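The following exercises concern helix packing, burial and backbone geometry in a single protein chain. Please work through each task with the structure at hand before reading the solution.

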Amino acid sequence: MKCSIIIPYSSRSDRTVRLFESLENQDFDESEYELIFVNRGGNNGLERYINEHGAKVSTVCLSSPDGGVGQAKNLGLQRASGELIIFLNGDEMVPQYFVSGHYNGYKKSDKPVMQFGLTKQVFEGSDRSYYDNRELFRNGIRYWLTEPERYGLDKQKNYYYIKDIRLEMLEPYSYDFDKVKYKMIFTKTSNLSVPMECIKRFGGFEENYNGEEIDDWEFGYRMMKNNVDIVYNPRVEVFRLYEKERYDSKRFSEWKNNLDSMLKKYNDSFLNKLSAFTSVFDPESRERCGKSEPGRNIWLDAYKDLELNAR
């Protein structure tokens with residue numbers, strides 16, 4: 001087996017079904033990849049759909065309703081048989097060349113690499129949608145999504161998307177990812193691949209974290225420390241319908257506890273500077289500037305300061 005795609009999910013089953021259908025219709029040999037869905041939310045709509053309609057690609061449905069994200073990903077890893085592991089979220093939309101894009105990037109490298117791709121936020125093209133999300137669009141840059149039906153969306157409606165903030169993070173480097181110091185900040189398991197041999201040698205995901213940001217950072221940093229290159233693959237972008245995230249004192253507390261655990265584990269002055277992101281998640285800081293959720297500029301400013309100090 002060439003690829004195992006692990007998809008933890010807890011979102012609406014219609015979105016996960018849409019992802020399943022797109023993953024079945026890839027320009028990749030159906031016998032050479034498998035799908036491993038890990039249900040974290042108790043909604044078994046996807047499993048019912050697969051039982052009723054069947055699957056062209058080898059598909060496994062697992063359940064981890066009481067576990068965290070790290071536990072769900074590790075459960076998927078236990079069942080995986082592919083030489084390349086690809087991680088996705090259950091509410092994303094992928095193009096037909098998604099699997100081949102990851103696998104070809106892996107085969108072209110002369111050493112083990114962890115690849116990440118971008119995630120573009122999609123909005124329905126209505127005046128109401130624009131008004132509700134105007135803070136995100138203050139720079140005026142939107143891109144129309146052509147052929148939305150290719151991603152399981154209503155072809156009678158208009159959709160647009162905004163670029164992943166990580167692309168803006170790369171602008172100061174003329175998009176040369178090799179110049180980035182804190183590469184693990186880019187490694188989100190919403191669109192990430194890593195060779196199974198690296199996971200067997202250096203381990204899977206920490207299971208004692210609540211939330212996802214530090215979970216992914218720690219995994220990426222562990223690979224960095226073991227000389228696994230992190231690379232940006234522009235051929236494997238995915239789309240995701242935008243949903244307003246929860247940024248409150250509970251999330252901030254979880255994020256801060258996760259960061260403290262990571263810093264304690266490595267006791268590394270290089271990592272200590274990650275505390276620069278505290279203001280991004282701290283609800284009191286956002287209250288002072290009158291924002292209910294972190295603005296893109298707040299995140300970008302924290303990241304740029306971090307990289308500047310590293311240089």
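**Exercise 1.** In this predicted model, determine how H8 and H9 are oriented to each other, and which residues bring them together.

*Solution.*
Step 1. Locate the two elements: helix H8 comprises residues 213-225 and helix H9 residues 249-266.
Step 2. Take the geometry of their axes, which come within 9 Å and cross at roughly 20 degrees.
Step 3. Apply the cut-off: angles under 35 degrees count as roughly parallel. H8 and H9 are therefore roughly parallel to each other.
Step 4. Assign the hand of the crossing of H8 and H9, which is right-handed.
Step 5. List the residues that meet. H8 contributes Glu213, Ile214, Trp217, Glu218, Tyr221, Arg222 and Lys225, while H9 contributes Arg251, Trp255, Asn258, Leu259, Met262, Lys265 and Tyr266.
Step 6. Sort the residues of this contact by class: seven are nonpolar, one is polar and six are charged.

**Exercise 2.** Establish whether aspartate 215 is buried or exposed, and what it touches.

*Solution.*
Step 1. Place the residue: aspartate 215 belongs to helix H8.
Step 2. Compare its accessibility with the cut-off for burial, under 20% relative accessible area. Aspartate 215 has 1% relative accessibility and therefore counts as buried.
Step 3. Identify its partners, not counting residues up to four places away in sequence: aspartate 215 touches Val69, Gly70, Lys73, Phe205, Glu206 and Tyr209.
Step 4. Set sequence against space. Aspartate 215 and glutamine 71 are 144 residues apart in sequence, yet their C-alpha atoms are 11 Å apart.

**Exercise 3.** Describe how the residues of helix H2 are arranged around its axis, and what its buried residues pack against.

*Solution.*
Step 1. Select the buried residues of H2 (residues 45-53): Gly45, Leu46 and Ile50.
Step 2. Examine their directions. These residues lie on the same side of H2, because they cover an arc of only 135 degrees around the axis.
Step 3. Recall the general rule: an α-helix has 3.6 residues a turn, so residues three or four places apart point the same way.
Step 4. Turn to the other side of H2, where Asn51 and Glu52 are exposed.
Step 5. Find the packing partners. The buried residues of H2 pack against strand S1 (3-9), helix H1 (13-24), strand S2 (33-39) and strand S3 (58-63).
Step 6. Inspect what comes after the helix: H2 is followed by glycine 54, with a positive phi near 80 degrees.

**Exercise 4.** Classify the packing of H1 and H2 by angle, hand and residue class.

*Solution.*
Step 1. Note that the axes of H1 and H2 are 8 Å apart and that the helices pack at an angle of about 45 degrees.
Step 2. Classify the angle: it makes H1 oblique to H2.
Step 3. Assign the hand: H1 and H2 cross in a right-handed manner.
Step 4. List the contact, made by Ser13, Thr16, Val17, Phe20 and Glu21 of H1 together with Gly45, Leu46, Tyr49 and Ile50 of H2.
Step 5. Sort these residues by class: the contact of H1 with H2 has five nonpolar, three polar and one charged residues.

**Exercise 5.** Determine where asparagine 227 and asparagine 267 lie, and whether they are buried or exposed.

*Solution.*
Step 1. Asparagine 227 is in the loop between H8 and strand S11 (229-232). Its phi is positive, near 65 degrees, although asparagine 227 is a residue other than glycine.
Step 2. Exposed means over 50% relative accessible area. With 60%, asparagine 227 is exposed.
Step 3. Asparagine 267 is in the loop between H9 and helix H10 (269-272). It too is not a glycine, and its phi is positive, about 45 degrees.
Step 4. At 70% relative accessibility, asparagine 267 counts as exposed.

**Exercise 6.** Identify the contacts of histidine 102 and phenylalanine 202, leaving aside neighbours within four places in sequence.

*Solution.*
Step 1. Histidine 102 is in helix H4 (residues 98-108) and counts as buried, at 0% relative accessibility.
Step 2. Histidine 102 is in contact with Leu84, Ile86, Gln115, Asn191, Leu192, Ser193, Asn233 and Val236, leaving aside those sequence neighbours.
Step 3. Phenylalanine 202 is in helix H7 (residues 196-202) and is buried, with a relative accessible area of 16%.
Step 4. With the same exclusion, phenylalanine 202 is in contact with Arg222, Met223, Asn226 and Val228.

Methods. Residues are numbered from 1 along each chain as its sequence is written. This is a predicted model: local features need pLDDT of at least 70, side-chain atom pairs count only at pLDDT 80 or more; totals for chains, interfaces and linings use all residues. Side-chain values use heavy atoms; hydrogens and water are left out. Buried means under 20% relative accessible area, exposed over 50%, partly exposed in between (1.4 Å probe, protein chains only). Helices (H or I, at least four residues) and strands (E, at least two) are DSSP runs, numbered from the N terminus. The arc is that of the directions from the helix axis to the C-beta atoms. Contact means heavy atoms within 4.5 Å. Axes are lines fitted to C-alpha atoms, for helices over the stretch in contact, and angles run from 0 to 180 degrees between N-to-C directions. Angles under 35 degrees count as roughly parallel, over 145 as roughly antiparallel, 65 to 115 as roughly perpendicular and the rest as oblique. A crossing is left-handed if the near helix is turned anticlockwise from the far one by less than a right angle, and right-handed if clockwise. Ala, Val, Leu, Ile, Met, Phe, Trp, Tyr, Cys and Pro count as nonpolar, Asp, Glu, Lys and Arg as charged, and the others, Gly among them, as polar.
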